[in-house]
Amino acid sequence: MAQGVWTIAEQRDGEIRKISYELVSEGRRLADALGQELTVLLIGSNIKDKAAAFGPYGANKVMVADDSRLEPYTTDAYVSVISQLVKANEPAVLLLGASVQGKDLAGRLAARLDVAMAQDCTVFAIEGGNLVATRPIYAGKAYAKVTFENSWPQMATARPKVMSVSEPDPSKSAEVMDAAFTLDDADLKTKVMDVVKDESGKVDLTEADKIVSGGRGMKGPENYYILEALADVIGASVGASRSAVDAGWRPHSDQVGQTGKVVSPNLYVACGISGAIQHLAGMSTSKVIVAINKDADAPIFQKADYGVVGDLFDVVPALTEEAKKYV
Amino acid sequence: MNIIVCLKQVPDTETQIKVGSDRQSIVTDDIKWVMNPYDEYGVEEALRLKEKHGGEVTVVGLGPKRVTESIRTALAMGADKGILISDGALDGSDSLAHAKAIAAAIKDLQYDLIFTGQRGVDDDLGIVGATLAEALNIPQLSLIVKVEVAEDGKSVKVQRPIEGETLVITSTLPALITAQKGLNEPRYASLPGIMKAKKKPLAEKSLADLGLNSADFGAGARKMKILELTPPPAREAGKIVPGETPQEKAAQLAKLLHDEAKVL
């Protein structure tokens, strides 16, 4: 019988990514609810020295799959390795992060294992011994509470920045073990040729702690420096509404909304964004929402914790100055 | 080169979604159904590759009869032929089952590339592409914003933006690509295109036509069970920050964000 909770750690260039700690913390809570062990699967090349990171967050075991062909990430190699390990060990619950890599991996892994997979979940619970996952659908215009039927392991991905990270306990450690797997070069059909770093150096919107976003009210691409200035002071990334992106003012990667990125920062500052439903869908899981708009009737104010009715061209620069007092 | 594009219909993104009284489905009255926006990027990219490398573009849709409209739209944009997988037994199926039906419709066709949207903007699962690629035993390249097929037509080079970086990935063909926003700007169907589309072949297939057993589909075969659909957690409108001037309002806001919300 399937037993145990597994989380798949995500690392890049040997650095453990924050989502991995969110997963191990949530995995511990679920393992406790089931009365079972928590195993973290760490995959990469020359990665074993990072395995000690997970014990303080509650992992009982860290299984390390180490092979030069597992760096950088490719779908082929990771799916091959993880599916072998899952079949050999039969965990009951398998959690990944809903990062770009995690979404890619989880989709193919679920297909290889022929199991259902709940993508981009915001709440997990154990009910009657089963994983129950809550996930936004229609980009958050509705929520689905789902569970699994004849589908083991019960598999899901967690939306980044939603699961809280536990306070690490340095006195705790996990048993580290080597994973047994084989990799056939003939199965590796894709290859990462190049990695182009994002020159802006800004934190991706899906991982950002704070976001300052601008919409049609920005009037043109030349005015975004106003938002950049505020973002610089408070340590935020700059996003945009669909209308600003479709107008060519900002790159596609900046779009927040149903057909763009779905974000959950601690602070979301919407400037000159009226609050079209497809935009609200993409940012409604933000913890604190601020709206700055000169139209007092704009729908964004219905979602905002703090609303400022005023011209963003006056309010945002003033806010930038005021914010300096607190950072 | 021969390309297959998969598409589905979703509620227009301006739609207000209402949960039905059964708490298992959404209210579909008055919904305007459109081609999934990410699938449109797939159609456009397939057409651009066809224009450059020659070959044929086949559009495969799954769903009720209304999906014919979106397949005709793709044909009007320039695709060559369409297949609609439509069967009452598909009602209530999950994405795994959908992908298996699409795989059955595709497996005997000649193809070098398959496009799907990176996800449907309805259930937001994003697993049809991966499941289809697995069923056909071909590599998948997901969330792609740039596609270049090699001159010899044997490999493809793509770009996948991840958090803070863009990966340049090569793959053998055939392969499946899931389209992300930024890949292209889909064209509008021209009037002559719309006229021509009416004469292009569009075959309708039932599960039986595809050699599939309806017992493997529908709500009863779901591996993911919906316990309940709910409206999103209510977000109460908060406070309007007081002040006479923009400076006063900004000062109040910064103070509230620091003292009360504790995010500054």
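## Two helices in chain A

How are α2(A) and α3(A) oriented to each other: roughly parallel, roughly perpendicular or oblique? This is a predicted model, and in it helix α2 (residues 75-89) of chain A packs against helix α3 (residues 100-113) of chain A at an angle of about 50 degrees. Their axes lie 9 Å apart. At that angle the two helices are therefore oblique to each other, and their crossing is right-handed.

If you want to find this contact on screen, start from α2(A), where A:Thr75, A:Tyr78, A:Val79, A:Ile82, A:Ser83 and A:Val86 do the meeting. On the α3(A) side, the residues they meet are A:Asp104, A:Leu105, A:Arg108, A:Leu109, A:Arg112 and A:Leu113. The spacing makes sense: an α-helix has 3.6 residues a turn, so residues three or four places apart point the same way.

## Helix α1 of chain A

Now for helix α1, which takes in residues 18-34 of chain A. With 17 residues at 1.5 Å a residue, this helix should span 24 Å, and its end C-alpha atoms are 25 Å apart, so the two values agree. Right after α1(A) comes A:Gly35, with a positive phi near 70 degrees.

Plenty of α1(A) is buried: the run A:Ile19, A:Ser20, A:Tyr21, A:Glu22, A:Leu23, A:Val24, A:Ser25, A:Glu26 and A:Gly27 is among the buried residues, and so are A:Leu30 and A:Ala31. What covers them? Strands of chain A are part of the answer, including β1 (5-8), β3 (15-16), β4 (38-44), β6 (93-97), β8 (123-127) and β11 (154-158).

## A sheet shared by both chains

Chains A and B both put strands into one open sheet, with 4 strands in the order β8(A)-β9(A)-β10(A)-β13(B) and antiparallel pairing. At the edges stand β8 of chain A and β13 (224-230) of chain B; each has a single partner strand, so one side of each is left without a neighbour in the sheet. Neighbouring strands here are turned by 25 degrees against each other on average, ignoring direction.

Within this sheet, strand β9 (residues 130-137) of chain A and strand β10 (residues 142-148) of chain A run antiparallel and are joined by 5 bridges. One bridge to look for pairs A:Ile137 with A:Ala142 in β10(A).

## More places where A meets B

Another strand pairing links the chains: β13(A) is joined by 7 bridges to strand β10 (residues 165-172) of chain B, and the two run antiparallel. Here A:Asp194 sits opposite B:Val168 in β10(B). Strand β13 (residues 190-197) of chain A is hardly covered, with 0 buried residues among its 8.

Helices meet across the chains too. Helix α7 (residues 312-323) of chain A and helix α6 (residues 246-259) of chain B have axes that come within 8 Å and cross at roughly 45 degrees. That makes α7(A) and α6(B) oblique to each other, and the crossing is right-handed. The α7(A) residues involved are A:Asp314, A:Val315, A:Ala318, A:Leu319, A:Glu322 and A:Ala323, and among those they meet in α6(B) are B:Pro246, B:Ala250, B:Leu253 and B:Ala254.

## Chain B as a whole

Stepping back to chain B, you'll find 6 helices and 14 strands. Its C-alpha trace spans about 70 × 45 × 40 Å along its principal axes. Of the 264 residues in chain B, 48% are buried. Among contacts in chain B with a separation of 6 or more, 70% are between residues 24 or more positions apart.

Notes: Residues numbered from 1 in each chain as written. Chains lettered and ligands numbered in written order. Predicted model: local features only at pLDDT ≥ 70, side-chain atom pairs only at ≥ 80, totals over all residues. Expected span 1.5 Å × (residues − 1). Buried ≥ 20, exposed ≤ 12 C-beta atoms within 10 Å, placed from the backbone. Contact = placed C-beta atoms within 7 Å. Pairing = 2+ DSSP bridges. Axes fitted to C-alpha atoms, helices over the stretch in contact; angles between N-to-C directions. Parallel < 35°, antiparallel > 145°, perpendicular 65-115°, else oblique. Left-handed = near helix turned anticlockwise from the far one by under 90°.
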